Amino acid sequence: MAFSTKLSVLVLNICFWASFVVSQPVLNMVEQEAVYNVLESINSDIPWRSLYPDDLCSSSPHGILCDYFTLQDNDNDSFTAHVTEISLGYVSDYAPNPPCTPKSTLNASLFAPFGYLRKIFVYKCFVESEVSLLDFGSLPSSLDELVFLENQGLVGNLSEKVGNLRSLRRLVLSGSSVSGKIPDGVGGLVNLEQLSLSRNKLSGEIPVGLKTLKKLKVLDLSQNELGGNVTESIGNMTQLLKLDLSSNRLCGGIPESLKCLKSLEFLDLSYNSFSNSGIPLFLGEMSSLREVYLSGNFLGGEIPEIWENLGGIVGMGLSRTGLIGNIPVSMGVSLKNICYLGLDNNKLEGTLPEEFGSLEYVNELHLENNNLSGRLPFTAKFVSKVGEKLKLEGNPQLCADEGLRIPNVSVSLKLLKMCNNVVVQKSVPFSGAYSLLPASHVVIFLGILFFLCW
């Protein structure tokens with residue numbers, strides 16, 4: 001009886017799954033044809049139609065994904081299939097997306113039939129020849145992610161119509177030749193969580209309209225040709241975790257409104273033209289910071305005492321910032337988790353704080369080309385751990401003990417002079433001083449002492 005019951009259950013399960021497979025919806029012919037058109041556009045050398053003649057939601061190249069949706073106004077729980085993701089450009093054996101060729105092209109109109117499309121990903125498809133950037137505003141409004149990586153041949157401007165993609169959470173356009181200004185229309189992407197426009201040829205100022213992006217967590221505009229001042233309104237993006245404006249032509253002061261970004265963990269303003277403002281004191285109020293890079297801006301002034309609440313920092317770059325004065329002891333005391341510290345090519349002077357020798361997580365320390373002096377506070381173990389990433393040359397008055405000259409560890413150490421081992425004589429008790437003088441001198445000394453006392 002038990003066996004027949006189990007057999008019945010098994011048969012029912014097989015029938016259920018068989019009916020599901022039979023009833024699984026297929027991709028409609030309009031979207032099927034549209035997929036072929038996209039694939040042929042980026043690589044016409046591959047016979048896509050003969051390789052994948054059947055339903056592309058059941059059998060398709062890697063990178064083409066479908067999902068199933070319930071039909072509206074239908075009580076029979078019927079489903080319909082639609083393409084939701086299109087990824088183009090071979091990445092690796094783990095992501096073998098359809099490969100591109102030097103003849104690859106792509107037009108926004110090709111994506112018009114995909115009313116349920118959530119993601120477009122394009123990697124290294126436009127490298128050798130110039131291809132105009134898609135009109136992002138003409139893409140399906142259902143898009144959630146739009147990612148173009150390492151397409152150096154991609155040229156043109158970002159359209160104001162990009163603001164039409166109001167469902168967009170990620171907009172990534174990095175490593176292309178796109179130029180012109182960042183359109184104000186970007187401010188209409190109110191659901192955006194990541195805006196990465198790095199390594200392009202964008203110019204003009206950072207648009208004030210970005211202040212409306214209240215959900216933004218990542219803003220990366222690095223390695224462009226952006227200029228002008230950074231407006232105080234940047235402090236309105238209070239959800240930011242990462243802000244990278246490095247390697248542009250930004251000028252003026254570093255906006256104090258950055259202190260409103262209480263969740264910020266990564267801040268990179270390096271290699272711009274911020275000047276004569278000193279290291280911002282408000283950094284001391286941003287306790288969530290993990291990495292801060294200000295190198296290449298002539299900030300000037302001394303290193304302030306702001307490190308007490310910044311114990312979580314693991315990376316800090318203050319190279320070539322025009323710093324003067326001593327390195328404060330508080331840096332060595334508070335920055336216990338620091339892994340990278342760059343203070344090189346400034347005008348720092350005085351001795352290195354002893355506390356620097358106790359920074360156990362440091363694996364890169366740049367102190368070269370300053371006016372530091374005195375004895376290094378490092379142990380042989382510290383020097384061996386950091387190795388060639390311990391940069392000290394260009395400090396004529398800095399010296400190292402003989403025990404730190406470990407073969408094949410640090411060329412930088414070999415360029416420092418040796419410290420003088422000064423022998424300090426112990427004081428001799430007054431009662432024992434007599435033994436250091438001839439007897440005749442002792443008699444004369446006692447006589448003079450007696451005469452003076454009398």
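Biologist: Which residue is the bridge partner of glycine 374 in S25?

Modeller: In S25, glycine 374 has leucine 398 as its bridge partner. Before we go on, this is a predicted model, in which local features need pLDDT of at least 70 and side-chain atom pairs count only at pLDDT 80 or more, while totals for chains, interfaces and linings use all residues. Residues are numbered from 1 along each chain as its sequence is written, and side-chain values use heavy atoms, with hydrogens and water left out.

Biologist: What makes S23 and S25 a pair of strands?

Modeller: Strands here are DSSP runs of E with at least two residues, numbered from the N terminus. Two of them pair if DSSP finds at least two bridges between them. Strand S23 (residues 371–375) and strand S25 (residues 397–400) have three bridges, in the parallel sense, so they count as paired by that rule. Serine 373 stands opposite glutamine 397 in S25.

Biologist: How do you know that S21 and S23 pair?

Modeller: Strand S21 (residues 347–350) and S23 share two bridges, also in the parallel sense, so the required number is met. Glutamate 349 has asparagine 371 in S23 as its bridge partner. These strands belong to an open sheet of five, in the order S19-S21-S23-S25-S26.

Biologist: Why are S19 and S26 called edge strands?

Modeller: Strand S19 (324–326) and strand S26 (417–418) each pair on one side only.

Biologist: Why is the pair of phenylalanine 136 and phenylalanine 148 called tilted?

Modeller: Rings of Phe, Tyr and Trp (its six-membered ring) pair if their centres lie within 6.5 Å; planes under 30 degrees apart are stacked, over 60 edge-to-face, and the rest tilted. A search of the whole structure finds seven aromatic pairs. In this one, the centres are 5.8 Å apart with 35 degrees between the planes, so the rings pair and the label is tilted. Phenylalanine 136 lies in the loop between strand S4 (131–132) and strand S5 (145–149) and phenylalanine 148 in strand S5, so the pair ties together parts twelve residues apart in sequence.

Biologist: And what makes phenylalanine 378 and phenylalanine 382 a stacked pair?

Modeller: Their values are 4.4 Å centre to centre and 10 degrees between the planes, so both cut-offs are satisfied.

Biologist: How do you know whether phenylalanine 136 is buried or exposed?

Modeller: Buried means under 20% relative accessible area, exposed over 50%, and partly exposed in between, with a 1.4 Å probe and protein chains only. Phenylalanine 136 is at 1%, so it counts as buried. Phenylalanine 148 also has 1% and is buried.

Biologist: What is unusual about the phi of asparagine 276?

Modeller: Most residues other than glycine have a negative phi. Asparagine 276 has a positive phi of about 50 degrees. This residue sits in the loop between strand S16 (273–274) and strand S17 (291–293), and at 64% asparagine 276 counts as exposed. Arginine 320 has a positive phi too, near 55 degrees, and with 47% this residue is partly exposed.

Biologist: Why is lysine 242 said to sit over the ring of phenylalanine 266?

Modeller: The rule asks for NZ of Lys or CZ of Arg within 6 Å of the ring centre and within 35 degrees of the ring normal. The charged end of lysine 242 sits over that ring, 5.2 Å from its centre. Phenylalanine 266 also belongs to a cluster, where ring pairs link Phe266, Tyr293 and Tyr340.

Technical notes. Helices (H or I, at least four residues) and strands (E, at least two) are DSSP runs, numbered from the N terminus.
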